[in-house]
Amino acid sequence: ELTEAVDKDTEAFNLVSAAFKLPKETEEDKLARSKAIGEAMLAATEVPFKTMELSFEGLQTVKTLVGKTNVNAASDLGVGAINLMAAVKGAWLNVLINLSGVKDIDKKNFFEDKGNEIIKQAEKLVKIIEIELVKSL
């Protein structure tokens with residue numbers, strides 16, 4: 001799913017780019033362009049937000065594996081957790097950059113609130129994983 005998210009993110013970016021290239025000569029053009037930009041910005045926010053969620057789920061999975069894998073591969077598990085944390089934070093940056101274009105205030109607030117919560121929980125979880133991994137070595 002995370003691999004697919006890369007392509008979806010590219011598609012969402014292309015939608016935003018295309019929307020900004022729409023004509024704005026007439027009032028009808030401007031309305032259509034504005035609507036297209038709004039829809040594209042929402043998609044460009046939803047995709048990285050989903051990436052955040054998937055990456056956080058990955059961290060939760062890693063947590064369940066600590067102490068249950070080959071001791072010689074424990075560092076690999078830690079590297080996986082660090083990479084998933086980077087994915088959470090990178091996706092969050094993409095959400096934040098697109099939020100200004102989300103016109104639906106309820107959706108905007110949802111992304112902000114839930115995104116901040118995911119970041120906090122992911123940071124706590126990766127610290128726990130790192131501590132538990134070090135103890136298991």
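Lys 89 is partly exposed in this predicted model, with a relative accessible area of 38%. The side chain of Lys 89 takes part in a salt bridge with Glu 123, and the closest N and O atoms of the two are 3.6 Å apart. This pair joins distant parts of the chain, for Lys 89 belongs to helix 3 (residues 74-99) and Glu 123 to helix 4, with their positions 34 residues apart in sequence. Glu 123 is likewise partly exposed, at 29% relative accessible area.

A search of the whole structure returns four salt bridges, and the Lys 89 pair is one of three described here. Helix 4 (residues 105-136) also supplies Glu 132, which meets Lys 63 of helix 2 at an N to O distance of 3.3 Å. Here too, distant parts of the chain are linked, with the partners 69 residues apart. Lys 63 has a relative accessible area of 28% and is partly exposed. Glu 132 also counts as partly exposed, with a relative accessibility of 28%.

Glu 27 and Lys 30 form a salt bridge of another kind, this one within a single helix. Their closest N and O atoms lie 3.7 Å apart. The two residues are separated by about one helical turn because they sit three residues apart in helix 2 (residues 27-65). Glu 27 is exposed, with 55% relative accessible area, whereas Lys 30 is partly exposed at 40%.

Charge also gathers at the surface without such pairing. Glu 1, Glu 4, Asp 7, Glu 11 and Glu 57 together make up a negative surface patch. Helix 1 (residues 2-20) contributes the largest share of this patch, namely three residues. Asp 7, a member of the patch, is located in helix 1 and is partly exposed, its relative accessible area being 48%. That value suits a patch residue, because membership requires over 30% relative accessible area and no salt bridge.

Turning to the interior, which residues does Ser 55 touch, not counting those up to four places away in sequence? Its contacts are Leu 2, Leu 84, Ala 87 and Val 88. Ser 55 lies in helix 2 and is buried, with a relative accessible area of 0%. Leu 54, also placed in helix 2, has a relative accessibility of 10%. Leu 54 therefore counts as buried, the limit being under 20% relative accessible area. Apart from neighbours within four places in sequence, Leu 54 is in contact with Glu 1 and Leu 2. Leu 2 thus appears among the contacts of Ser 55 and among those of Leu 54, while Glu 1, the other partner of Leu 54, is also part of the negative patch.

Two C-alpha separations help to give a sense of scale. Leu 54 and Thr 69 are 15 residues apart along the chain, and their C-alpha atoms are separated by 22 Å. For Glu 25 and Lys 103, which stand 78 residues apart along the chain, the C-alpha separation is 22 Å. Glu 25 is found in the loop between helix 1 and helix 2. At 67% relative accessibility, Glu 25 is exposed, whereas Leu 54 is buried.

Definitions and conventions: Residues are numbered from 1 along each chain as its sequence is written. This is a predicted model: local features need pLDDT of at least 70, side-chain atom pairs count only at pLDDT 80 or more; totals for chains, interfaces and linings use all residues. Side-chain values use heavy atoms; hydrogens and water are left out. Helices (H or I, at least four residues) and strands (E, at least two) are DSSP runs, numbered from the N terminus. Buried means under 20% relative accessible area, exposed over 50%, partly exposed in between (1.4 Å probe, protein chains only). Patches are made of residues with over 30% relative accessible area and no salt bridge: like charges are joined within 9 Å, nonpolar side chains (Val, Leu, Ile, Met, Phe, Trp, Tyr) within 5 Å. Accessible areas come from the Shrake-Rupley method with a 1.4 Å probe; for residues, only the protein chains shown count as cover. Lys and Arg count as positive and Asp and Glu as negative; His and the chain ends are not counted. The place of a charge is taken as NZ of Lys, CZ of Arg, CG of Asp or CD of Glu. Contact means heavy atoms within 4.5 Å.
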